[in-house]
Amino acid sequence: MKILVLGAGIGGLGASIALRQQGFDVDLVEIKPELAVYGVGINQPGNSLRALRALGVLDEIRAVGFEYDHTDFYDADGELIVHVPCTLGGDGVPANTALSRLNLHRILISAAERHDVKIRYGGTMEQFSDNGRAVDVSFTDGRRESYDLVAAFDGIKSATRRAVFGPEHDPVYSGFGVFRVTLPRPPYVDGVRVYQALGVKAGYIPLSATTMYMFVVTPDPPGVTHRREDFVRILRSRMAPFGALPGEVRDALQPMDDIVFSPISDVLLPLPWFSGRIGILGDAAHACAPHLTQGAGMALEDGIVLAETLAGGGSLEERLRAFGERRFPRARLVQDVSHGILQAEMSINADNYDASVQGMRDHQVEQAHAVEAILNAPA
Ligand SMILES: Cc1cc2nc3c(=O)[nH]c(=O)nc-3n(C[C@H](O)[C@H](O)[C@H](O)COP(=O)(O)OP(=O)(O)OC[C@H]3O[C@@H](n4cnc5c(N)ncnc54)[C@H](O)[C@@H]3O)c2cc1C
């Protein structure tokens, strides 16, 4: 089969490698003219690391990342609420490895090139028509090609999803946004630390021997855009309620810090994810709140499961249906749980604060382990 993968993000790169491993011919097309990812961090939990091992890059990831096995939840002044050990990983796979996005991308691009994936930057699919036997594609650079299958990993704003399934599956904004920035790491940040205040949460993930990554989640009205030059001022004011580590970080924030702001939105494309020979995968099908740090893992698993399913038996239609049925419940679980955590943490207020903290002490470990047990099972 000759397959077009759209989008050289984490999902598209992973899928291209997995499809080549199964012997398929792959063209990978990326709309941006070159590698361009935010200089912030990304956590890869055990199931995602297992996917990266299947792609042959786990050792490279481990060599540049920071491994950790727990999350500690604190109040705004740094008093421990609950320690949650992570049960993901096993069999030579760490519970979590966090690394810079740039490193993750470079490792995946090198692996794709080793597997002879043809990557074209700075263009995209302009028109396509599925004639039942193949998809005829014309590209923005004037080329025309015919493919047995098109797998669109073109991200949360996927133009392919819109063209194939309509605007009714556009992203739905949660009402919350997240600021991220990479900072020097104090040695005691050796796992995730989450600090909960009323209406704002600050978290820290160790990235390397010297760096960590901070995320700050707060409400943001729909349609609001922040100017880059205002990021430090806004972040400082949103972090006003904190003492402890977030308070120290807030007071030390510099105007030149490379801060990134992202609105948090969900996409839930119902099955089928394929219309004929054109499919929507990764964030384009199931973008979710980042609370379980599972987005990249879900996109990587999509690619690996797609390659495995295509290499199996049955008609193409049956294989594509089986792919969707295998992936949908897992992506849906991640999305529901992530959204649930976001809503719960952002609805903590002065009236329900004590009960919420007690609820975290009583249930957080058990709830986290129940979800991890599912995610640690084969994708
Ligand atoms: C604040 C935040 C924190 C996160 N933290 C984590 C984390 O710690 N761990 C984790 O696993 N996940 C995390 N995620 C989620 C994760 O980044 C995504 O789930 C993941 O990147 C999805 O990969 P993807 O390849 O599907 O999409 P993307 O990474 O968005 O890649 C899409 C690619 O397609 C390209 N493209 C777009 N349109 C076209 C087109 N028409 N033609 C060709 N190419 C096109 C884009 O340029 C891009 O390169 C986080 C997300 C956010 C918002």
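**Entry 1: the shell around the ligand**

I sorted the residues of the shell around the ligand by character, and they divide into twelve nonpolar, 13 polar and six charged. I keep in mind that this is a predicted model. Of the 31 residues around the ligand, I noted that Gly 11, Glu 30, Asn 43, Thr 124 and Asp 283 come nearest.

Which elements supply at least two residues each of this shell? I listed helix H1 (10-21), strand E2 (25-30), strand E3 (41-45), strand E13 and helix H9 (295-311). The largest share comes from H9, which gives four residues.

**Entry 2: polar atoms beside the ligand**

I then looked up individual atom pairs, beginning with Asn 43, where a polar backbone atom is 2.8 Å from a nitrogen atom of the ligand. At Thr 124 the partner is in the side chain, where an N or O atom is 2.6 Å from a nitrogen atom of the ligand. At Thr 293 I found a polar backbone atom 3.2 Å from an oxygen atom of the ligand. Taken alone, the ligand exposes 1000 Å², and the protein buries 85% of that area.

**Entry 3: Thr 293 and Asp 91**

I stayed with Thr 293, which is found in the loop between helix H8 (283-286) and H9. Its relative accessibility is 25%, so I entered Thr 293 as partly exposed. The backbone of Thr 293 has a positive phi of about 50 degrees, although this residue is not a glycine. I wrote beside this that most residues other than glycine have a negative phi.

I made a similar note for Asp 91, whose phi is near 55 degrees, a positive value in a residue other than glycine. Asp 91 lies in the loop between strand E6 (80-85) and strand E7 (96-100). Is Asp 91 buried or exposed? With a relative accessibility of 69%, Asp 91 counts as exposed, because the cut-off for that word is over 50%.

**Entry 4: a cis peptide bond**

I checked the peptide bond from Leu 271 to Pro 272 and found that it is cis, with omega near 0 degrees. Most peptide bonds are trans. Pro 272 lies in the loop between strand E17 and strand E18 (274-275).

**Entry 5: helix H6**

Which residues of helix H6 (residues 231-238) are buried? I found Phe 231, Val 232, Ile 234 and Leu 235. Looking down the axis of H6, I saw that these buried residues fall within an arc of 165 degrees, so they line one face of the helix. What covers them includes strand E13 (172-184), strand E16 (211-219) and strand E17 (260-266).

**Entry 6: two serines**

I compared notes on two serines, starting with Ser 262, which has its place in strand E17. At 15% relative accessibility Ser 262 counts as buried, because buried means under 20%. Not counting residues up to four places away in sequence, Ser 262 touches Gly 177, Val 178 and Arg 180. With Arg 180 there is also a polar contact, made between the two side chains at 2.9 Å.

Ser 347 has its place in the loop between helix H10 (316-346) and helix H11 (353-375). I entered Ser 347 as partly exposed because its relative accessibility is 42%. How many residues apart in sequence are Ser 347 and Gly 199? They are 148 residues apart in sequence, and in space they are 6.8 Å apart, C-alpha to C-alpha.

Definitions and conventions: Residues are numbered from 1 along each chain as its sequence is written. This is a predicted model: local features need pLDDT of at least 70, side-chain atom pairs count only at pLDDT 80 or more; totals for chains, interfaces and linings use all residues. Side-chain values use heavy atoms; hydrogens and water are left out. Buried means under 20% relative accessible area, exposed over 50%, partly exposed in between (1.4 Å probe, protein chains only). The arc is that of the directions from the helix axis to the C-beta atoms. Contact means heavy atoms within 4.5 Å. A residue is near a molecule or strand if one of its heavy atoms lies within 4 Å of it. A polar contact is a pair of N or O atoms within 3.5 Å; within protein, one must be able to donate a hydrogen and the other to accept it, and residues adjacent in sequence count only if both atoms are side-chain atoms. Accessible areas come from the Shrake-Rupley method with a 1.4 Å probe; for residues, only the protein chains shown count as cover. Ala, Val, Leu, Ile, Met, Phe, Trp, Tyr, Cys and Pro count as nonpolar, Asp, Glu, Lys and Arg as charged, and the others, Gly among them, as polar.
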